[in-house]
Amino acid sequence: MSEHAAPGSFAERLWRVRARTERLCDPLAIEDYVVQSMPDASPVKWHLGHTTWFFETFVLGPHLEGFRPYRPEWGQLFNSYYVSVGPRHPRPDRGLLTRPTVGEVYAYRKWVDERLGEFLGTGAAARPPVAALLELGLQHEQQHQELILTDLLHAFSRNPLRPAYSDVTPGASAATPVAWERCPGGLVRIGHEGGGFAFDNEGPAHLVHLEPYEVASRPASAGCPTASPRHRRGGGAHPSTGRGGKGPGSGSRSTESARWTRPSPSPT
Ligand SMILES: [Fe+2]
């Protein structure tokens, strides 16, 4: 699709993002697509279907004349939290969905992309409310790209064989000692303002009072145990007593059942 889109156009950005999602899956085995390692994570196959369902449900369905959903019964599988558009399969059970298959979900993506391509060539796609929906779908898919990686990271972390998503080793920055920068706090303005895209929960800009705080000089990572004490929120064993830090025995049980030896891995 991208080869037919004008450079810098919305279509070119959209096809780049859609292709990027699928490129993130290049290192995966077919089994990796289906596993759900915890209730808060989702299978990669679900992310692929859900991001496609979003365009189908909120852009094509209401705005492409004569559009009929690819498989209407799949809506309940790939709807996340949108109560108004129909029933939803429970999130903790997404890993039970062996059907549709991975191949069928990829075919769904291709079909929806073709319909999106047709739609982008119409004047309807340029109308401001519809253009805003398309932009939202693009940004939403990028959010799910992050989720694909974080959910995969957790799934791989639960495998004693420690499979790696990538052979690329972290750069030198991961080994750089963390420094803490003191910030005075006070009355600060936060939130989105001005042009450009923002999710609806990022605005409007407003004033908040912040107590003095410190911020790390770089993101934390699983390879950075020196940063862990400030990030610990119960669950980990106390360095000297070995006790969990949250409720009687709850932390140590979690630590034992999940075999944690450090804070959960972070992609950053
Ligand atoms: Fe979503």
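**Walking through the helices and loops**

Let's start with two helices: α1 and α5 run roughly parallel to each other. The model you are looking at is predicted, and this pair is a good place to enter it. Helix α1 covers residues 10–23 and helix α5 covers residues 128–157. Their axes come within 10 Å and cross at roughly 25°. Since an angle under 35 degrees counts as roughly parallel, that crossing is why the pair gets this description. The crossing of α1 past α5 is left-handed. On the α1 side, the residues that make the contact are Phe10, Arg13, Leu14, Val17, Arg18, Arg20 and Thr21. Helix α5 answers with Leu134, Leu138, Glu141, Gln142 and Gln145. Sorted by class, this contact between α1 and α5 holds 5 nonpolar, 3 polar and 4 charged residues.

One residue of that contact deserves a stop. Is Arg18 buried or exposed? Arg18, a residue of helix α1, counts as buried because it has 23 C-beta neighbours inside 10 Å. Setting aside its neighbours within four places in sequence, Arg18 is in contact with Asp113 and Glu141. Arg18 also has a distant stretch of sequence close at hand in space: Arg109 is 91 residues away along the chain, yet the two C-alpha atoms are 8.9 Å apart.

Now stay with α5 and turn to α2, which spans residues 44–63. The angle between α2 and α5 is about 175°, and their axes are 9 Å apart. An angle over 145 degrees counts as roughly antiparallel, so α2 and α5 are roughly antiparallel to each other. From α2, the contact draws on Val44, His47, His50, Thr51, Phe54, Phe55, Phe58, Val59 and His63. From α5 come Val130, Leu133, Leu134, Gly137, His140, Glu141, His144, Leu147, Ile148 and Leu152. The classes in this contact of α2 with α5 are 11 nonpolar, 7 polar and 1 charged residues.

His47 is a useful guide to this pairing. His47 sits in helix α2 and counts as buried, because 26 C-beta neighbours lie inside 10 Å. Which residues does His47 touch, not counting those up to four places away in sequence? They are Ser42, His144, Leu147 and Ile148. The C-alpha atom of His47 is also 8.6 Å from that of Glu141, although the two residues are 94 apart along the chain. You have met Glu141 before: it is one of the α5 residues in the contact with α1.

From here it is a short step to the nonpolar core. In soluble globular proteins, nonpolar side chains tend to be buried together. The largest nonpolar core in this model has 21 residues. Those with the most contacts inside it are Val44, Phe55, Phe78, Val105, Val112, Leu116 and Leu152. Elements that give two or more residues to this core are α2, α3 (75–78), α4 (102–120) and α5. Take Phe78 as an example: leaving aside its neighbours within four places in sequence, Phe78 is in contact with Gly49, His50 and Trp53.

Next come the loops, where the backbone has some details worth a look. Most residues other than glycine have a negative phi, and most peptide bonds are trans. The bond from Arg99 to Pro100 is cis, with omega near 0°, and Pro100 is in the loop between α3 and α4. Gly203 and Pro204 are also joined by a cis peptide bond, with omega about -5°. Pro204 belongs to the loop between β2 (186–190) and β3 (206–210).

The loop between α5 and β1 (180–183) holds Arg162. Phi of Arg162 is near 50°, a positive value in a residue other than glycine. Arg162 counts as exposed because it has 8 C-beta neighbours inside 10 Å. Arg158 is found in the loop between α5 and β1 as well. Arg158 is partly exposed, with 13 other C-beta atoms within 10 Å. The C-alpha atoms of Arg158 and Met38 are 9.9 Å apart, with their positions 120 residues apart along the chain.

Finally, step back to the whole chain. The chain contains 7 helices and 4 strands, which follow the pattern α-α-α-α-α-β-β-β-β-α-α along the sequence. Buried residues make up 17% of its 268 residues. Among contacts between residues at least 6 apart in sequence, 60% join residues at least 24 apart.

Key. Residues are numbered from 1 along each chain as its sequence is written. This is a predicted model: local features need pLDDT of at least 70, side-chain atom pairs count only at pLDDT 80 or more; totals for chains, interfaces and linings use all residues. Axes are lines fitted to C-alpha atoms, for helices over the stretch in contact, and angles run from 0 to 180 degrees between N-to-C directions. Angles under 35 degrees count as roughly parallel, over 145 as roughly antiparallel, 65 to 115 as roughly perpendicular and the rest as oblique. A crossing is left-handed if the near helix is turned anticlockwise from the far one by less than a right angle, and right-handed if clockwise. Two residues are in contact if their C-beta atoms, placed from the backbone, lie within 7 Å. Ala, Val, Leu, Ile, Met, Phe, Trp, Tyr, Cys and Pro count as nonpolar, Asp, Glu, Lys and Arg as charged, and the others, Gly among them, as polar. A nonpolar core is a set of buried Ala, Val, Leu, Ile, Met, Phe, Trp, Tyr and Cys residues joined through C-beta atoms within 7 Å. A residue is buried if 20 or more other C-beta atoms lie within 10 Å of its own, exposed if 12 or fewer, and partly exposed in between; C-beta atoms are placed from the backbone.
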